[in-house]
Amino acid sequence: MGSAGRASTVVCSVFLITALLLKIHLAAADDEKVDLKEHAEHFYGSNQDNKDGDCPESDGENGISEESDTTLEREKEVPVKLTRLDGVQVGHIQEINLTPGRSHSLHTVNMKPLIFEIPDFFSNEECQHIIRLGQEQGLEVSSTHQITADNTLRLLDTNGDQRLSLQEMRRTIEDGYDIYLNDDDIREMYFRLKLDPNQDDFISRSESSGLKVRQLAAYIKDLVSKNPIKKSRYSEQTWIYPDRTKDDLVAEFQRRLLKLTRLPEQLINKYSFFQVVKYGPHGHYNAHLDSAGDTKGLPCCHLVTTKKCRICRYMTIMVYLNDVEEGGETAFVVANNDTFSDQTLRNSGNINLNNHCRESKLHVRPQKGKAVIWYNHFIDEETGWFGDVDNFTWHGGCPVIKGEKWIMNRWICASNDREVDLA
Ligand SMILES: [Ca+2]
Ligand SMILES: [Ca+2]
């Protein structure tokens with residue numbers, strides 16, 4: 001991301017704002033937003049009448065009225081709820097029946113956050129088939145954030161001492177451009193842009209007057225074009241749309257998801273597109289949340305076409321499509337920590353999995369055909385529906401050291417509006 005978690009960025013102290021406009025980054029990666037909008041349009045293109053929800057006249061036409069139909073009344077009293085599989089405890093194994101003639105088992109990998117694995121969720125042939133679908137369609141470079149000269153930038157003087165340390169500049173660039181630099185990269189940038197003439201590694205208030213956002217953006221853009229490894233996400237990807245693909249395995253995948261999750265069918269059938277991603281050598285994806293955190297007031301991106309929205313993904317189902325020779329683990333950065341603090345995580349630098357994979361608290365090893373499943377949100381106790389984001393699901397892909405890594409990502413979207421979700 002720009003992870004969806006970026007939305008909850010809090011700036012302790014901001015200075016130099018006369019030279020720089022303020023901007024709040026909302027929701028997730030720009031490419032994801034665009035994709036989701038495209039998906040929303042695609043979905044509503046054929047279901048426009050579902051968008052507005054209730055239609056009392058048509059209810060009447062169908063001979064159903066709330067007063068006369070007691071069954072309907074009763075159904076309304078017990079609303080459908082989201083489901084969440086029971087992990088029981090780490091190491092717990094449940095036999096599950098997902099497809100005729102084959103048995104699968106669901107392994108509890110972790111409880112905080114709740115993570116499951118299903119070995120051989122896909123057979124070798126099925127993995128090959130999904131990779132082929134991706135290849136036939138053609139992969140493009142994954143991007144999370146467009147760097148333009150118009151990008152506004154907030155200088156994060158986190159400790160309020162009126163100067164920027166290397167760490168504060170690192171955070172500024174991570175938040176502003178989704179680019180992950182180390183101290184030497186920043187010193188090199190200072191040198192090239194003559195930003196730190198006294199070379200004390202701090203940008204003082206007076207030194208900052210030489211900082212031009214346009215120039216900085218151009219520098220970062222150039223740096224990344226030569227070193228794509230500095231990006232938060234270094235991979236290629238494509239989207240597969242089941243209704244366009246008309247593929248037997250993709251349809252079968254839908255059925256397995258329904259059996260596995262026991263979620264309402266509408267949630268499985270809507271927004272059923274998925275991503276096929278290829279990571280080459282050094283390919284990685286820095287830690288992020290798959291769904292947005294502290295942005296409750298915003299509508300879900302999959303339901304609107306406006307830019308101010310948040311990504312709402314209840315569940316993630318990720319399948320490894322090959323064996324990676326070395327590296328490429330899925331890392332859960334803050335799994336099992338006692339508490340979570342967005343600031344602490346960001347300041348730790350551990351979001352940068354390209355450099356800090358080992359510091360993560362939990363690693364899941366890629367294994368051909370294995371599915372990894374987790375819930376990005378809890379269930380709201382009162383409503384039985386879409387609850388708070390689970391901050392312990394911060395995760396990403398460690399760099400591939402040897403070989404390549406293919407995965408597919410499938411998200412199950414939901415929102416705070418049960419009626420809309422079930423329409
Ligand atoms: Ca400072
Ligand atoms: Ca200085």
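Biologist: How many residues of β9 are buried?
Modeller: This is a predicted model: local features need pLDDT of at least 70, side-chain atom pairs count only at pLDDT 80 or more, and totals for chains, interfaces and linings use all residues. Residue numbers start from 1 along each chain as its sequence is written, with chains lettered from A and ligands numbered from 1 in the order in which they are written. Buried takes 20 or more other C-beta atoms (placed from the backbone) within 10 Å of a residue's own; 12 or fewer is exposed, in between partly exposed. β9, a strand (a DSSP E run of at least two residues; helices are H or I runs of at least four, both numbered from the N terminus), is mostly covered, with a buried count of eight of eight.

Biologist: Which residue of β18 stands opposite Val319?
Modeller: β9 and β18 pair (DSSP finds at least two bridges between them) in the antiparallel sense, over seven bridges. Across from Val319, in β18, sits Met408.

Biologist: And in β13, what is the bridge partner of Met318?
Modeller: β13 (371-375) is antiparallel to β9, with five bridges. Look across from Met318 there and you'll find Val372.

Biologist: Why is one side of β1 and of β4 left without a neighbour in the sheet?
Modeller: The open, antiparallel sheet of nine strands runs β1-β2-β3-β13-β9-β18-β7-β6-β4. β1 (93-99) and β4 (140-141) stand at its edges, so each has just a single partner strand.

Biologist: What angle does helix α4 make with β6?
Modeller: α4 (124-137) packs on the sheet, touching β6, β7 and β18 (contact: backbone-placed C-beta atoms within 7 Å). Angles compare N-to-C directions from 0 to 180 degrees, using lines fitted to C-alpha atoms, for helices over the stretch in contact. For α4 and β6, that's about 100°.

Terms used
Two residues are in contact if their C-beta atoms, placed from the backbone, lie within 7 Å.
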